[in-house]
Every structure is written in C-alpha cells, then in structure tokens.
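Please find below a colleague's note on the structure, set out as numbered points. The remarks concern side-chain contacts and strand pairing.

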Amino acid sequence: MREKNVVNVGLSNSVRLVHPMHTVLVSCAGKDGKPNIITLAWAMPTSISPPLVAVSIAPRRYSHSLIEETGEFVVNIPTIELLDATFYCGIVSGRSRDKFKEAGLTPMPARKVKPPIIAECVAHLECKLYGKFPTGDHTIFVGEVVEAYANKDCLSETGSYNLEKARMIFHLGGDLFATLEPKIYKPKT
Ligand SMILES: Cc1cc2nc3c(=O)[nH]c(=O)nc-3n(C[C@H](O)[C@H](O)[C@H](O)COP(=O)(O)O)c2cc1C
C-alpha cells in the first residue's frame, strides 16, 4: 500500500492529536488556606483499587506549589455552562488573583480535604497526594480519591453520567472546546 495521504504535525503540536481531552477544574489551597483553581485538560484515572487519579501540572503554575505544600486537591467536573469560568481559570494565575471571586465560582467545604470544592461543578473527587513523578516540563501528581460525589440529577441508574444533564467540557486546543452529543452507543458484541 502506498503511504496514506497525511498532514505532518510538528512534534510540539503532536499532543493535540490526543485531544479533545475531558477538562477539569482542580481546586487546591496553600497552608494559609487561601484557595485557588487551575484548569486542566491533562487528567486521567490510573487505578481502581486504590482509586487513583493523575493530573499533569507544569512546575511554573502556582497550583503546582500549592499541591506540593499541602498534598491535597479536588478534581471538580465543570459543564459547558461553566465554559467562560473554565477558560478564565486556565489563563490567569492565582498568584496575584482570586479566581473563585473573579470567575464567579463558589467555594464550599470539602468532606475530607482542606481545599474547597467548586459548588457549580457537577462532580467532585477529593484527593490526597499518593505520589508525584516529573515528566518533561510537567509533574504528574497522583491523587488517592478519598471522597467522590456527584449531583443527583446528573447520574443515570447505571452510575454513568446522564449526558443530557451533564454536558462536560472537552478541550480541543487553544481556545477551542467541544461537548458530547447526548447519544449513547453500544458495541455489537
Ligand atoms: C483548557 C485548558 C487546559 C489546560 N490544561 C493544563 C494542564 O493540563 N496542565 C497544566 O499545567 N496547565 C494547563 N492549563 C494552563 C493552566 O490552567 C494555566 O496556566 C493557569 O493559569 C495556571 O493557574 P495557576 O498559576 O493559578 O496555578 C490549561 C489551560 C486551559 C485554558
């Protein structure tokens, strides 16, 4: 077979080929208790037992130092209604700004960790730091999920999201985002 008709992608842009990525808002706080939010497209589950989630954060982010300081964070799931706030938390730094206030998001006490949850999000995974790994120009923080809960009306009986109610945000790249069509497919076998 002759070579496929392809377009070459610069290596620094190759990450875009694994997007769109499910985008989350991670809340964290320093020892002084002042909370911050960081938008992350690079987040994924890595273990069921124990339940672990990994987030990849560049060392220059303020949130990187906060998570190193306290070892706690919350992975909050925003929906498309929060697109502007989600983008905002991904372009300004909490070093000099109060992102909760400026993005119009509400901090609410978490159950088992000090950083607050983001009330407007539909689901929350409270995490305690399990491990961290340097990876090129980012650090992978692995969090052990110590509490997890979601808005009642956003989950179906199977425990999966109801996609009509919870229209999650997916990051394509730059300032481009998508959400899922609320349609479920099942493989034949
Ligand atoms: C949609 C989107 C996704 C992002 N994903 C990541 C990511 O996965 N890892 C990361 O380190 N930064 C990511 N960023 C950049 C940070 O969110 C951004 O630098 C933020 O302002 C850092 O805030 P902080 O300095 O308050 O921690 C993303 C930004 C946007 C808009």
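1. In this predicted model, Glu 102 and Arg 97 are joined by a salt bridge, and their closest N and O atoms lie 2.9 Å apart. Both partners fall in the intermediate class of accessibility: Glu 102 is partly exposed, with a relative accessible area of 40%, and Arg 97 is likewise partly exposed, at 36%.

2. The contact in point 1 belongs to a wider set, since a search of the whole structure finds five salt bridges. Two others, both involving Glu 147, are taken up in the points that follow.

3. Glu 147 meets Arg 111 through their side chains in a salt bridge, with an N to O distance of 3.0 Å. Glu 147 belongs to strand 10 (residues 138-150), whereas Arg 111 sits in the loop between strand 7 (107-108) and strand 8 (117-118); the pair therefore ties together parts that are 36 residues apart in sequence.

4. Are the two partners of this contact buried or exposed? Glu 147 has a relative accessibility of 18% and so counts as buried, because the cut-off for that class is under 20%. Arg 111, at 54%, counts as exposed, the cut-off there being over 50%.

5. Glu 147 also forms a salt bridge with Lys 112, again at 3.0 Å from N to O. This pair links distant parts of the chain, with Glu 147 in strand 10 and Lys 112 in the loop between strand 7 and strand 8, 35 residues apart. Lys 112 is partly exposed, its relative accessible area being 46%.

6. Which residues are joined into one network by salt bridges that share partners? They are Arg 111, Lys 112 and Glu 147. Within this network, Glu 147 is the residue that contacts Arg 111 and also Lys 112.

7. A separate matter is the pairing of strand 4 (residues 43-47) with strand 5 (residues 52-57): the two run antiparallel and are joined by four bridges. Together strand 4 and strand 5 make a hairpin, with four residues between them. Within this pairing, Pro 45 stands opposite Val 53 of strand 5. As a general point for reading such a region, side chains in a regular strand alternate between the two faces of the sheet.

Notes. Residues numbered from 1 in each chain as written. Predicted model: local features only at pLDDT ≥ 70, side-chain atom pairs only at ≥ 80, totals over all residues. Heavy atoms only, no water. Pairing = 2+ DSSP bridges. Salt bridge = Lys/Arg side-chain N within 4 Å of Asp/Glu carboxyl O. Buried < 20%, exposed > 50% of the residue type's maximum accessible area, 1.4 Å probe, protein only.
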